[in-house]
Amino acid sequence: MPVISKKGLEMPASPIRKLVPYAEQATKKGKKIYYLNIGQPDIKTPEIALEAVKQNDIKILSYSKSEGSETYRKKIASYYLKNNIKVSSEDIIVTTGGSEALLFTFGTVMDVNDEIIIPEPFYANYNGFSQASGIKVVPVISKIEDDFKLPPIEEFEKLITNKTKAILICNPGNPTGYLYSKEEIQKLAAIVKKHDLFLIADEVYREFTYDGIQHYSIMEEEGLEEYGIMIDSVSKRYSMCGARIGCLVSKNKSVIQTALKFAQARLSPPTYAQIASEAALDTPQSYFDDVIEEYVERRNTLIKHLENIEGVKVAKPKGAFYCIAELPIKNTDHFAQWLLEDFDVDNETIMVAPAGGFYSTPGVGLNQIRIAYVLNKESLIKAAHILKEALKVYKD
Ligand SMILES: Cc1ncc(COP(=O)(O)O)c(C=O)c1O
């Protein structure tokens, strides 16, 4: 028998998607499920983006350039300029989602067995991308009691070895909703400069910041030009997850030249999706104002109802559309499955993401879940009620 690679066997299943078979079973039995497990927004994609594809009369659906279409990259650069990020089209490589930008970045700055420091809990697929690239995630724990703020810089310094190549942050954070302050970015800038590391910032939720707090990008920080790599995506910004378009941005020429080789190996990003993404850049500000207002209301509704459940602890998110909730139980993996298989309130239940998979330290976060507030307020209220009732009867 041919054998599967050790790397493949050790590849983690996504904690966000692994409960899907149980959800399918529950649906077959006629249960209604509120999906709080996945960051698929229910917000409409801007019409302008969909129209650009419909109105197109392409005769040959050819490859585009490996780094992405020229006109699209120029337009992304002007969008960044408006956001105080001074980059040109040459600093941008268009990728198949932010996911591919992460893979290219890991391939560009790390060799097998190199280490990357990431504040945890973190976006679970960082584990998968690290496993695929043969690199080691070294976690530094951020705590729910501190609202998941940046751990003290000394904690990072303790973890730096001669194998450390980069620090990766997600800002605003998935799954925490934490938004790093300018001061925190500056602390990270100082440490990467001191130790000659790359600072990779996944900023795919940049637009989603609340309570009047401004997002501060690593690309705004002077002196970080050779160190900073930004990951971006249209998936959440324009509710275009299915377009599969993202980008990698850096002022470091060697990073771009090297990442381009990875991009050339996969030939090019999808053509129609680039057309849609380019058109999406003309989305009026009013679209975002409405979306942000909606998310703020959803967040407030969800947090208020979660705080009313006895024993539940939650950190109020300042950005993105997720929160981590700590539950008065031991094992949310089992709880999440039980919710789908054995529990309902009037034939309705919820699907949540157990948070263990968002940590790489074994045994941490097992009593936490991640909730994506991508549903309307009425659904969120019902979902919180179901959670409350479930916790009354659930036995660990
Ligand atoms: C923090 C973060 N980074 C990157 C991605 C990847 O997004 P995509 O590949 O759809 O651009 C996601 C998707 O949920 C995410 O939450």
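## Pockets, cavities and ligand site

About 600 Å³ of space lies in the largest pocket of this predicted model. Its lining comprises 23 residues. Those nearest the pocket centre are N83, R206, E207, Q214 and Q285. Two elements, α4 and α11 (285–307), each give two or more residues to this lining. The largest share comes from α11, which supplies four residues. By class, the lining of the largest pocket holds nine nonpolar, nine polar and five charged residues.

The second largest pocket encloses about 510 Å³. A set of 25 residues lines this pocket. S99, Y123, N125, K236 and R244 lie nearest its centre. Here α5 and β7 are the elements that contribute two or more lining residues. Helix α5 gives the largest share, with four residues. Nonpolar and polar residues number 10 each in the lining of the second largest pocket, and five further residues are charged.

The ligand occupies the second largest pocket. A shell of 13 residues surrounds the ligand. Of these, G98, S99, D202, Y205 and S233 come nearest. Helix α5 (residues 97–109) provides the largest share of the shell, three residues. The shell divides into six polar, four nonpolar and three charged residues. S99 thus appears in two lists: it is among the shell residues nearest the ligand, and it is among the lining residues nearest the centre of the second largest pocket.

Three side chains place polar atoms at short distances from ligand oxygen atoms. In S99, a side-chain N or O atom is 2.5 Å from an oxygen atom of the ligand. For R244, the distance from a polar side-chain atom to a ligand oxygen atom is 2.7 Å. For N174, the corresponding distance is 2.8 Å. The ligand taken alone exposes 390 Å², and the protein buries 93% of that area. R244, like S99, is listed among the residues nearest the centre of the second largest pocket.

Two cavities of 30 Å³ or more are present in the structure. The largest has a volume of about 120 Å³. It is lined by 16 residues, with P119, P121, C170, T176 and Y180 nearest its centre. Strands β3 (115–120) and β5 (164–170) are the elements that give two or more residues to this lining. Strand β5 gives the most, three residues. The lining of the largest cavity contains 12 nonpolar residues, four polar residues and no charged residues.

The second largest cavity has a volume of about 80 Å³. Its lining consists of Y72, I76, Y79, Y80, D232, S233, V234, R237, Y238, G246, C247 and L281. The elements that supply two or more of these residues are α4 (70–82), β7 (228–233) and β8 (246–249). The largest share, four residues, comes from α4. The lining of the second largest cavity divides into eight nonpolar, two polar and two charged residues. S233 connects two of the sites described: it lines the second largest cavity, and it is among the residues that come nearest the ligand. Helix α4 likewise recurs, as it also gives two or more residues to the lining of the largest pocket.

Backbone geometry adds detail at several of these positions. The peptide bond from E120 to P121 is cis, with omega near 5°. P121 lies in the loop between β3 and α6 (125–133). This proline is also one of the residues nearest the centre of the largest cavity. A cis peptide bond also joins N174 and P175, with omega about 15°. P175 is located in the loop between β5 and α8 (182–195). N174, on the other side of that bond, has a polar side-chain atom 2.8 Å from a ligand oxygen atom. N84 shows a positive phi, near 70°, in a residue other than glycine. N84 is placed in the loop between α4 and β2 (92–95).

Key. Residues are numbered from 1 along each chain as its sequence is written. Side-chain values use heavy atoms; hydrogens and water are left out. A residue is near a molecule or strand if one of its heavy atoms lies within 4 Å of it. A polar contact is a pair of N or O atoms within 3.5 Å; within protein, one must be able to donate a hydrogen and the other to accept it, and residues adjacent in sequence count only if both atoms are side-chain atoms. Accessible areas come from the Shrake-Rupley method with a 1.4 Å probe; for residues, only the protein chains shown count as cover. On a 1 Å grid over the protein atoms alone, a cavity is a set of points where a 1.4 Å probe fits but cannot get out, and a pocket is an open set with protein on both sides within 12 Å along at least five of seven lines; lining residues have an atom within 4 Å of a point. A molecule sits in a cavity or pocket if more than half of its atoms lie within 2 Å of its grid points. Ala, Val, Leu, Ile, Met, Phe, Trp, Tyr, Cys and Pro count as nonpolar, Asp, Glu, Lys and Arg as charged, and the others, Gly among them, as polar. Grid points are joined across faces, edges and corners, and a volume is the space filled by probe spheres set on the points.
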